[in-house]
Amino acid sequence: MMRKIKLYGELAKVTGHKELEAVVNTTAQAVSFLINNFPELEGHMANKYYQVLLDKENVNIDELDFPLGKSDLKFVPVVSGSGGIGKALLGGAL
């Protein structure tokens, strides 16, 4: 199913896109799509944290292979020192 992948902050700047569409069924597939189409993202994301949202719900590390349903997927960089890292995923883990 065609799904919107929304990018925020530096991710949007690096790719040159705030929104993309791709046929992906899981968060892991979305990350693979991004890395394969924008190879420079892999190094950029490696040591940074991201809040990954499906609608308004956080995606946890153990949910990367769960089906997305019909929702848009959002990748939001988390600012270092913001204290909101509890629900953020390390880019290297993605």
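**Exercise 1. Strand pairing around β3**

Task: In this predicted model, two bridges join strand β3 to strand β4 (residues 57-58); work out in which sense these strands run, and which residues partner L54.

Solution. Begin with the pair just named: β3 and β4 run antiparallel. Next, turn to the other pairing of β3, where strand β3 (residues 49-54) and strand β5 (residues 73-77) are joined in the antiparallel sense over five bridges. Then follow L54, whose bridge partner in β4 is E57, while its bridge partner in β5 is L73. L54 therefore has a bridge partner in β4 and another in β5, given that the pairing of strands rests on bridges found by DSSP.

**Exercise 2. The turn between β3 and β4**

Task: Find which residue in the hairpin of β3 and β4 takes a positive phi, and decide whether this residue is buried, partly exposed or exposed.

Solution. The hairpin has two residues between its strands, and D55 is the residue that takes a positive phi, near 60°. This is a positive value in a residue other than glycine. D55 is found in the loop between β3 and β4, and its relative accessible area is 45%. Because partly exposed covers the range between 20% and 50%, D55 counts as partly exposed.

**Exercise 3. Q51 and its surroundings**

Task: Describe where Q51 is found and which side chain it joins through a polar contact.

Solution. First place the residue: Q51 is found in strand β3, and with a relative accessible area of 28% it is partly exposed. Then look at its side chain, which is joined to the side chain of N58 by a polar contact of 3.0 Å. Finally, compare sequence with space: Q51 and V76 are 25 residues apart in sequence, and their C-alpha atoms are 5.1 Å apart.

**Exercise 4. Three salt bridges**

Task: The structure holds three salt bridges; identify the residues in each one and say where they lie.

Solution. Start with K4 and E19, whose side chains meet in a salt bridge at 3.8 Å, N to O. This pair links distant parts of the chain, since K4 is in strand β1 and E19 in strand β2, 15 residues apart. K4 is partly exposed at 32% relative accessible area, and E19 is also partly exposed, at 38%.

Continue with K6 and D72, whose side chains form a salt bridge at 3.6 Å, N to O. K6 lies in strand β1 and D72 in the loop between β4 and β5, so this pair ties together parts that are 66 residues apart in sequence. D72 is partly exposed, with a relative accessible area of 24%.

Finish with E10 and K13, which meet in a salt bridge at 3.7 Å, N to O. Both residues lie in helix α1, three residues apart, which is about one turn of the helix. E10 is partly exposed at 40%, whereas K13 is exposed at 65%.

**Exercise 5. The nonpolar core**

Task: State which residues touch the most other members of the largest nonpolar core, and which residues L11 contacts beyond its sequence neighbours.

Solution. The core has 21 residues, of which I5, L7, L11, L34, L73 and F75 touch the most other members. At least two residues each come from β1 (2-7), α1 (10-15), β2 (19-23), α2 (27-37), α3 (40-45), β3 and β5. Taking L11 and leaving aside neighbours within four places in sequence, one finds contacts with L41, H44, M45, Y50, F75 and P77. In soluble globular proteins, nonpolar side chains tend to be buried together.

Terms used
Residues are numbered from 1 along each chain as its sequence is written. This is a predicted model: local features need pLDDT of at least 70, side-chain atom pairs count only at pLDDT 80 or more; totals for chains, interfaces and linings use all residues. Side-chain values use heavy atoms; hydrogens and water are left out. Helices (H or I, at least four residues) and strands (E, at least two) are DSSP runs, numbered from the N terminus. A nonpolar core is a set of buried Ala, Val, Leu, Ile, Met, Phe, Trp, Tyr and Cys residues joined through side-chain atoms within 4.5 Å. Buried means under 20% relative accessible area, exposed over 50%, partly exposed in between (1.4 Å probe, protein chains only). Contact means heavy atoms within 4.5 Å. A polar contact is a pair of N or O atoms within 3.5 Å; within protein, one must be able to donate a hydrogen and the other to accept it, and residues adjacent in sequence count only if both atoms are side-chain atoms. A salt bridge is a side-chain nitrogen of Lys or Arg within 4 Å of a carboxyl oxygen of Asp or Glu.
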